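Work through the exercises below with the model open. Each task is followed by a solution in steps.

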Amino acid sequence: MSQGPDAPLPDDATPRPVSPDPAHSEPVPGTARRAVFGRQHDRIFDRLSALDPDLAGYIRDFAYDTVYERPSLDLKTRELLACTLLLSLGSPDELKTHLRGAMRAGASEQELRETLLFAAPFVGFPRVVAAFSQLSDLLGRPSGGEQENAPPPG
């Protein structure tokens with residue numbers, strides 16, 4: 001069996017849409033968006049709409065209901081990529097939203113940690129440290145900053 005770039009994909013590597021509609025084999029708009037945001041969905045879009053309704057519409061319609069619904073990448077992979085891109089931009093609030101979304105899409109804590117670590121040689125340690133702080137906050141663990149001002153044990 002050929003292993004080169006033209007080799008056939010194994011059956012389990014066949015690209016699939018994120019959220020197929022069985023009747024039409026087309027993605028159902030909003031499926032990925034609701035999966036990523038979960039219970040936070042309405043709060044997030046209310047906040048975006050308060051900033052600017054057109055901006056909220058562009059994010060909803062293009063980023064989530066078009067780009068996120070494209071075939072070939074599963075939602076977990078998309079969310080891990082989003083986490084990497086947002087940490088590279090230094091966008092902590094959005095990063096935390098997508099760390100949560102990655103977990104909702106099936107990413108384990110270890111996969112998130114590896115994704116964040118992978119970014120270090122490309123974006124630098126300060127951004128990765130900040131991303132780990134967001135992950136720690138999301139998981140309800142101290143990120144280390146609280147201990148700096150704590151009185152010594154005694």
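**Exercise 1: A buried ion pair**

Asp65 and Arg33 are both buried (under 20% relative accessible area; exposed is over 50%, partly exposed in between, with a 1.4 Å probe and protein chains only). The model is predicted, so local features need pLDDT of at least 70, side-chain atom pairs count only at pLDDT 80 or more, and totals for chains, interfaces and linings use all residues. Residues are numbered from 1 along each chain as its sequence is written, and side-chain values use heavy atoms, with hydrogens and water left out.

Task: What links Asp65 and Arg33, and how many Å apart are the closest N and O atoms?

Solution.
- Step 1. Apply the criterion: a salt bridge is a side-chain nitrogen of Lys or Arg within 4 Å of a carboxyl oxygen of Asp or Glu.
- Step 2. Check the pair. Asp65 forms a salt bridge with Arg33, with the closest N and O atoms 2.9 Å apart.
- Step 3. Place the partners. Asp65 is in helix 3 and Arg33 in helix 1 (residues 31–37), 32 residues apart, and the pair links distant parts of the chain. Helices (H or I, at least four residues) and strands (E, at least two) are DSSP runs, numbered from the N terminus.

**Exercise 2: The chain as a whole**

Task: How many helices and strands does the protein chain have, and in which order do the elements run?

Solution.
- Step 1. Count: the protein chain has 8 helices and 2 strands.
- Step 2. Order: from the N terminus, the elements run β-β-α-α-α-α-α-α-α-α.
- Step 3. Burial: of the 154 residues in the protein chain, 29% are buried.

**Exercise 3: More salt bridges**

Task: How many salt bridges does a search of the whole structure find? Then examine Arg60 and Glu109.

Solution.
- Step 1. The search of the whole structure gives 5 salt bridges.
- Step 2. Take Arg60. Its side chain meets that of Asp61 in a salt bridge at 2.8 Å, N to O. Asp61 is partly exposed at 39% relative accessible area. Arg60 is partly exposed too, at 32%.
- Step 3. Take Glu109. Its side chain pairs with that of Arg141 in a salt bridge, 2.6 Å from N to O. Glu109 lies in helix 6 (residues 109–123) and Arg141 in the loop between helix 7 and helix 8 (145–148), so the pair ties together parts that are 32 residues apart in sequence.
- Step 4. Check exposure. Glu109 counts as partly exposed at 25% relative accessibility. Arg141 is partly exposed, at 40%.
- Step 5. Extend the search. Glu109, Arg113 and Arg141 are linked in a network of salt bridges.

**Exercise 4: The largest pocket**

Task: What volume does the largest pocket have, and which residues are the closest to its centre?

Solution.
- Step 1. Set the method. On a 1 Å grid over the protein atoms alone, a pocket is an open set of points with protein on both sides within 12 Å along at least five of seven lines; a 1.4 Å probe fits at the points, and lining residues have an atom within 4 Å of a point.
- Step 2. Read the volume: about 530 Å³ for the largest pocket. Grid points are joined across faces, edges and corners, and a volume is the space filled by probe spheres set on the points.
- Step 3. Find the centre. The lining has 22 residues, and Phe37, Tyr64, Leu86, Glu94 and His98 are the closest to the centre.
- Step 4. Trace the walls. Helix 2 (41–51), helix 3, helix 4 and helix 5 (92–104) each supply at least two lining residues.
- Step 5. Sort by class: 14 nonpolar, 2 polar and 6 charged residues. Ala, Val, Leu, Ile, Met, Phe, Trp, Tyr, Cys and Pro count as nonpolar, Asp, Glu, Lys and Arg as charged, and the others, Gly among them, as polar.
- Step 6. Look at Phe37. Phe37 sits in helix 1. Phe37 is buried, with 4% relative accessible area. Phe37 and Thr97 are 60 residues apart in sequence and 7.3 Å apart in space, C-alpha to C-alpha.

**Exercise 5: A loop residue**

Task: Where does Ser72 lie, and is Ser72 buried or partly exposed?

Solution.
- Step 1. Ser72 lies in the loop between helix 3 and helix 4.
- Step 2. Ser72 is partly exposed, with a relative accessible area of 48%.
- Step 3. Check the backbone. Ser72 has a positive phi of about 95 degrees although it is not a glycine.
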